[in-house]
Amino acid sequence: MSAAAHILDTRGIEELNLRAIAEKAGIGIASMYHYFDNKEDILLSLGVMGFEDLRRDILGTLADDNSLSPIGASAAVFFRFAETRSELFSLMFNQRLLARHEALRDAENRTFLAHEAVVYSDERIPALHRQGAAYALWALARGMAAIMSSQPDGKLPPELTERLMSGAGYLISHPD
(Lines give C-alpha, C1' and ligand atoms only; values in the text may rest on other atoms or scores of the structure.)
Protein backbone atom coordinates (compact mmCIF):
# COMPACT_ATOMS: atom_id res chain seq x y z
CA MET A 1 0.00 0.00 0.00
CA SER A 2 2.86 2.40 0.71
CA ALA A 3 4.21 1.85 -2.80
CA ALA A 4 0.75 2.52 -4.27
CA ALA A 5 0.31 5.63 -2.10
CA HIS A 6 3.72 6.93 -3.18
CA ILE A 7 2.90 6.48 -6.87
CA LEU A 8 -0.51 8.13 -6.40
CA ASP A 9 1.05 11.11 -4.60
CA THR A 10 3.98 11.61 -6.93
CA ARG A 11 2.75 10.52 -10.36
CA GLY A 12 -1.04 10.60 -10.15
CA ILE A 13 -3.81 8.12 -10.63
CA GLU A 14 -3.12 7.68 -14.34
CA GLU A 15 0.31 6.19 -13.57
CA LEU A 16 -0.98 3.93 -10.81
CA ASN A 17 -1.07 0.34 -12.05
CA LEU A 18 -0.18 -3.11 -10.75
CA ARG A 19 3.12 -3.23 -12.66
CA ALA A 20 4.29 0.14 -11.32
CA ILE A 21 3.31 -0.80 -7.78
CA ALA A 22 5.09 -4.16 -7.99
CA GLU A 23 8.20 -2.45 -9.32
CA LYS A 24 8.16 0.20 -6.57
CA ALA A 25 7.52 -2.44 -3.89
CA GLY A 26 10.26 -4.69 -5.26
CA ILE A 27 8.01 -7.70 -5.79
CA GLY A 28 6.89 -9.65 -8.83
CA ILE A 29 3.71 -8.61 -10.57
CA ALA A 30 2.22 -12.07 -9.98
CA SER A 31 2.52 -11.41 -6.24
CA MET A 32 0.31 -8.36 -6.64
CA TYR A 33 -2.60 -10.61 -7.61
CA HIS A 34 -2.26 -12.36 -4.27
CA TYR A 35 -3.37 -9.11 -2.58
CA PHE A 36 -5.50 -7.36 -5.21
CA ASP A 37 -7.73 -8.58 -8.02
CA ASN A 38 -7.39 -5.39 -10.05
CA LYS A 39 -6.62 -1.69 -10.00
CA GLU A 40 -10.01 -0.85 -8.50
CA ASP A 41 -9.20 -2.98 -5.44
CA ILE A 42 -6.06 -0.91 -4.95
CA LEU A 43 -7.98 2.34 -5.37
CA LEU A 44 -10.56 1.18 -2.85
CA SER A 45 -7.86 0.26 -0.32
CA LEU A 46 -6.13 3.61 -0.82
CA GLY A 47 -9.43 5.46 -0.37
CA VAL A 48 -10.24 3.63 2.86
CA MET A 49 -6.70 4.27 4.12
CA GLY A 50 -7.06 7.97 3.24
CA PHE A 51 -10.32 8.28 5.17
CA GLU A 52 -8.71 6.63 8.19
CA ASP A 53 -5.80 9.10 8.05
CA LEU A 54 -8.20 12.03 7.78
CA ARG A 55 -10.39 10.68 10.61
CA ARG A 56 -7.39 10.33 12.89
CA ASP A 57 -6.27 13.89 12.08
CA ILE A 58 -9.76 15.31 12.72
CA LEU A 59 -10.00 13.49 16.05
CA GLY A 60 -6.60 14.92 16.94
CA THR A 61 -8.11 18.39 16.87
CA LEU A 62 -10.29 17.47 19.86
CA ALA A 63 -7.17 16.99 21.98
CA ASP A 64 -5.31 20.05 20.68
CA ASP A 65 -5.51 23.24 22.65
CA ASN A 66 -5.01 25.84 19.96
CA SER A 67 -6.33 29.28 19.19
CA LEU A 68 -8.82 28.05 16.59
CA SER A 69 -12.34 26.98 17.44
CA PRO A 70 -12.92 23.20 17.31
CA ILE A 71 -14.65 23.54 13.93
CA GLY A 72 -11.93 25.89 12.67
CA ALA A 73 -9.18 23.46 13.68
CA SER A 74 -11.00 20.55 12.06
CA ALA A 75 -11.59 22.57 8.88
CA ALA A 76 -7.89 23.45 8.75
CA VAL A 77 -7.02 19.75 8.96
CA PHE A 78 -9.57 18.87 6.27
CA PHE A 79 -8.37 21.50 3.82
CA ARG A 80 -4.69 20.89 4.49
CA PHE A 81 -5.32 17.21 3.70
CA ALA A 82 -7.17 18.16 0.52
CA GLU A 83 -4.33 20.46 -0.53
CA THR A 84 -1.32 18.35 0.39
CA ARG A 85 -2.77 15.00 -0.66
CA SER A 86 -4.97 16.16 -3.51
CA GLU A 87 -4.74 12.97 -5.59
CA LEU A 88 -5.70 10.81 -2.63
CA PHE A 89 -8.40 13.25 -1.58
CA SER A 90 -9.96 13.17 -5.06
CA LEU A 91 -9.83 9.39 -5.00
CA MET A 92 -11.51 9.21 -1.57
CA PHE A 93 -14.47 11.28 -2.76
CA ASN A 94 -14.68 9.71 -6.22
CA GLN A 95 -18.41 9.37 -6.83
CA ARG A 96 -18.09 6.17 -8.88
CA LEU A 97 -16.02 4.42 -6.21
CA LEU A 98 -18.29 5.63 -3.42
CA ALA A 99 -21.38 4.40 -5.27
CA ARG A 100 -19.87 0.98 -5.95
CA HIS A 101 -18.18 0.20 -2.63
CA GLU A 102 -19.86 0.06 0.75
CA ALA A 103 -16.44 -0.17 2.43
CA LEU A 104 -15.53 3.28 1.10
CA ARG A 105 -18.89 4.74 2.15
CA ASP A 106 -18.39 3.22 5.62
CA ALA A 107 -14.91 4.76 5.82
CA GLU A 108 -16.34 8.16 4.87
CA ASN A 109 -19.07 7.74 7.48
CA ARG A 110 -16.51 6.96 10.21
CA THR A 111 -14.65 10.13 9.19
CA PHE A 112 -17.91 12.08 9.23
CA LEU A 113 -18.58 10.82 12.78
CA ALA A 114 -15.22 12.26 13.86
CA HIS A 115 -16.22 15.56 12.24
CA GLU A 116 -19.60 15.38 13.98
CA ALA A 117 -17.86 14.93 17.35
CA VAL A 118 -15.90 18.11 16.66
CA VAL A 119 -19.09 20.02 15.81
CA TYR A 120 -20.74 18.76 18.99
CA SER A 121 -17.76 20.06 20.99
CA ASP A 122 -18.10 23.57 19.53
CA GLU A 123 -20.37 25.52 21.87
CA ARG A 124 -21.06 28.21 19.28
CA ILE A 125 -23.55 25.86 17.65
CA PRO A 126 -26.75 25.55 19.72
CA ALA A 127 -27.25 21.97 20.95
CA LEU A 128 -30.53 21.60 19.07
CA HIS A 129 -28.79 22.37 15.75
CA ARG A 130 -25.50 20.50 16.11
CA GLN A 131 -26.43 17.41 14.13
CA GLY A 132 -27.86 19.41 11.24
CA ALA A 133 -24.86 21.74 11.36
CA ALA A 134 -22.50 18.77 11.23
CA TYR A 135 -24.15 17.47 8.05
CA ALA A 136 -24.32 20.91 6.44
CA LEU A 137 -20.68 21.70 7.26
CA TRP A 138 -19.54 18.31 5.93
CA ALA A 139 -21.38 18.93 2.67
CA LEU A 140 -19.96 22.45 2.47
CA ALA A 141 -16.42 21.19 3.12
CA ARG A 142 -16.79 18.43 0.53
CA GLY A 143 -17.97 20.97 -2.02
CA MET A 144 -15.18 23.42 -1.22
CA ALA A 145 -12.60 20.64 -1.39
CA ALA A 146 -14.03 19.45 -4.72
CA ILE A 147 -13.44 22.95 -6.07
CA MET A 148 -9.87 22.73 -4.76
CA SER A 149 -9.17 19.34 -6.25
CA SER A 150 -10.50 20.44 -9.63
CA GLN A 151 -7.74 23.05 -9.91
CA PRO A 152 -4.74 21.99 -12.03
CA ASP A 153 -2.35 22.09 -9.07
CA GLY A 154 -4.96 21.09 -6.46
CA LYS A 155 -4.82 24.53 -4.88
CA LEU A 156 -7.29 27.38 -4.92
CA PRO A 157 -6.20 30.86 -5.86
CA PRO A 158 -5.62 32.76 -2.59
CA GLU A 159 -8.46 35.22 -3.22
CA LEU A 160 -10.97 32.38 -3.74
CA THR A 161 -9.68 30.59 -0.65
CA GLU A 162 -10.22 33.75 1.37
CA ARG A 163 -13.77 34.20 0.05
CA LEU A 164 -14.75 30.59 0.74
CA MET A 165 -13.24 30.50 4.22
CA SER A 166 -14.66 33.88 5.10
CA GLY A 167 -18.13 32.85 3.96
CA ALA A 168 -17.98 29.56 5.85
CA GLY A 169 -16.73 31.34 8.97
CA TYR A 170 -19.58 33.81 8.76
CA LEU A 171 -22.14 31.02 8.50
CA ILE A 172 -20.71 29.28 11.54
CA SER A 173 -20.41 32.44 13.63
CA HIS A 174 -23.87 33.80 12.79
CA PRO A 175 -26.36 30.95 13.18
CA ASP A 176 -29.40 33.27 13.20
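## Asp-53 and its partner in helix 4

Asp-53 counts as buried, since its relative accessibility is 16% and the cut-off for that class is under 20%. This value, like the others in this report, comes from a predicted model. Asp-53 forms a salt bridge with Arg-56, in which the closest N and O atoms are 3.3 Å apart. Both residues belong to helix 4, where a spacing of three residues places them about one turn of the helix from each other.

## Links from helix 8 to helices 4 and 9

A salt bridge also joins Arg-142 to Glu-108, with 3.0 Å between the closest N and O atoms. Because Arg-142 is located in helix 9 (residues 130-149) and Glu-108 in helix 8, this pair ties together parts that are 34 residues apart in sequence. The two partners fall into separate accessibility classes: Glu-108 is buried, with a relative accessible area of 11%, whereas Arg-142 is partly exposed at 23%.

Helix 8 (residues 102-121) also contains Arg-110. Arg-110 forms a salt bridge with Glu-52, and the closest N and O atoms of this pair are 3.0 Å apart. Glu-52 lies in helix 4 (residues 39-63), so that the bridge links distant parts of the chain, 58 residues apart. Both partners are partly exposed: Glu-52 has a relative accessible area of 24%, and Arg-110 has one of 36%.

## Salt bridges in the whole structure

In total, the structure holds nine salt bridges. Among them are the pairs Arg-56 with Asp-53, Arg-142 with Glu-108 and Glu-52 with Arg-110.

## A negative surface patch

Four acidic residues, Asp-9, Glu-14, Glu-15 and Glu-87, form a negative surface patch. Residues qualify for such a patch only with over 30% relative accessible area and no salt bridge. Glu-14 has a relative accessible area of 63% and is therefore classed as exposed, the cut-off for that class being over 50%. In the chain, Glu-14 occupies the loop between helix 1 (2-11) and helix 2 (18-25).

Conventions
Residues numbered from 1 in each chain as written. Predicted model: local features only at pLDDT ≥ 70, side-chain atom pairs only at ≥ 80, totals over all residues. Heavy atoms only, no water. Patch = residues over 30% accessible without salt bridge, like charges linked within 9 Å, V, L, I, M, F, W, Y side chains within 5 Å. Areas by Shrake-Rupley, 256 points an atom, 1.4 Å probe, with all protein chains shown as cover. Salt bridge = Lys/Arg side-chain N within 4 Å of Asp/Glu carboxyl O. Lys, Arg positive; Asp, Glu negative; His and termini not counted. Charge placed at Lys NZ, Arg CZ, Asp CG, Glu CD. Helix = DSSP H or I, 4+ residues; strand = E, 2+ residues; numbered from the N terminus. Buried < 20%, exposed > 50% of the residue type's maximum accessible area, 1.4 Å probe, protein only.
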